[in-house]
Amino acid sequence: LVCDTFSICIGDTVPILAQFLSPEIGQITTATATSAGNGLTTILSTPGNPANFSAIFVGMASNLGVNTILLSGTDNGTPAQTTTGLIHINVIAGPTASFTSVGICPGAAMPFTNLSTSAPGNGPLHSPHWDFGMTALTNDTSNIVSPTYVYNTPGTYQVTLSVVDSMGCKDTAQQNVSVYYLPLVS
């Protein structure tokens, strides 16, 4: 008997594995799963004794809230017998990562403002992680909420901010920032 209830974040994937034994020798059992919403994809359903079933459930914005999955195993006896179990998956919204910055000249400190928000009820954000897009450097990251960073070379850099809320849900924002070329004096 299955009676699990657990929470996942949007974007998380949960494997669902089930095995049903036939009540008598020589019987064949067929396993299925149904869900009222979307997000459930059957990977494998092999009839037999035992019957094996494999699926995945993906948390999406379109299936926020509690999703009920009904697992069933039906044998080919006369009369046919069915065993069922329920799995309840609560899909919760995650944070929204967002930030702003302003263009600078080389050698100046570029300020970054973290505008990320947590979904209602998910508690505060923690563990911000910035990657300033300097792929050749190993010290181009920060865990400060709203840091500054000095670019010494003009150009366009892709900056990434990752945030995590107290439920463990994550989101990432990326945007390009500009470091201007210095004017030429003649």
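Q: Of the 186 residues of the protein, what percentage count as buried?
A: This is a predicted model, so everything here is read off predicted coordinates. A residue goes in the buried pile when its relative accessible area is under 20%. Across the 186 residues of the protein, the share that makes the cut is 34%.

Q: How many helices and how many strands does the protein have?
A: Walk along the sequence and you meet the pattern β-β-β-β-β-β-β-β-β-β-β-β-β-β. The tally comes to 0 helices and 14 strands.

Q: Why does the protein count as more spread out than a compact globule, and what is its radius of gyration?
A: For 186 residues, the globule rule gives 16 Å, and the protein sits well over that, so it is more spread out than a compact globule. The C-alpha trace spans about 95 × 30 × 25 Å along the principal axes. As for the radius of gyration, the value is 25 Å.

Q: Among contacts between residues at least 6 apart in sequence, what percentage join residues at least 24 apart?
A: Contact here asks for heavy atoms within 4.5 Å. Taking pairs at least 6 apart in sequence, the fraction that joins residues at least 24 apart is 59%.

Q: Which strand gives the most residues to the largest nonpolar core?
A: That core has 17 residues, and those with the most contacts inside it are Phe112, Tyr151 and Val159. Strand 9 (109-114), strand 13 (155-165) and strand 14 (170-179) each supply at least two residues of it. The top contributor, with 4 residues, is strand 13.

Q: Which residues does Tyr151 touch, not counting those up to four places away in sequence?
A: Tyr151 is among the residues with the most contacts inside the largest nonpolar core. Its contacts include Cys105, Pro106, Gly107, Ala108 and Met110. The rest of the list is Phe112, Phe132, Met134, Tyr157, Val159, Val177 and Val179.

Q: How many residues are in the other core, the one with Phe53 and Ile69?
A: This core lies apart from the largest one. Leu71 and Ile87 are also among its members. Its size is 16 residues.

Q: Is Ser72 buried or exposed?
A: Ser72 lies in strand 6 (residues 65-75). Leaving aside neighbours within four places in sequence, Ser72 is in contact with Phe20, Thr30, Ala31, Thr32, Thr82, Thr83 and Thr84. Its relative accessible area is 11%, so Ser72 is buried.

Q: Which cysteines does the disulfide join?
A: Searching the whole structure turns up 1 disulfide. Its S to S distance is 2.0 Å, and the partners are Cys9 and Cys169.

Q: How many residues apart are Cys9 and Cys169?
A: Cys9 is in strand 1 (residues 3-9), while Cys169 is in the loop between strand 13 and strand 14. Both cysteines are buried. The pair links distant parts of the chain, with a separation of 160 residues.

Q: Is the disulfide of Cys9 and Cys169 left-handed or right-handed?
A: The thing to look at is the torsion about the S-S bond. That torsion is about -85 degrees, so the disulfide is left-handed.

Q: How far apart in space are Gly103 and Ser178, C-alpha to C-alpha?
A: Gly103 sits in the loop between strand 8 (99-101) and strand 9, and is partly exposed at 32% relative accessible area. Its contacts beyond four places in sequence are Met110, Ser178 and Tyr180. Gly103 and Ser178 are 75 residues apart in sequence, yet their C-alpha separation is 5.0 Å.

Q: Which residue in the turn between strand 4 and strand 5 has a positive phi?
A: Strand 4 (residues 40-46) runs antiparallel to strand 5, joined by 6 bridges, with Leu44 opposite Ser54. The two form a hairpin with 4 residues between them. The positive phi, about 160 degrees, belongs to Gly48.

Q: Over how many bridges do strand 2 and strand 5 pair?
A: Strand 2 covers residues 13-20 and strand 5 covers residues 51-58. Gln19 stands opposite Asn52 in strand 5. The pairing is antiparallel, and the count is 8 bridges.

Q: Which are the edge strands of the open sheet of 4 strands?
A: The sheet has the order 11-10-13-14, with antiparallel pairing. Strand 10 (residues 125-131) and strand 13 pair over 5 bridges, and Asp131 stands opposite Thr160 in strand 13. Pairing on one side only marks the edges, which are strand 11 (141-142) and strand 14.

Technical notes
Residues numbered from 1 in each chain as written. Predicted model: local features only at pLDDT ≥ 70, side-chain atom pairs only at ≥ 80, totals over all residues. Heavy atoms only, no water. Core = buried A, V, L, I, M, F, W, Y, C linked by side-chain atoms within 4.5 Å. Buried < 20%, exposed > 50% of the residue type's maximum accessible area, 1.4 Å probe, protein only. Disulfide = S-S within 2.5 Å. Rg over C-alpha atoms; globule rule 2.2 N^0.38 Å. Pairing = 2+ DSSP bridges.
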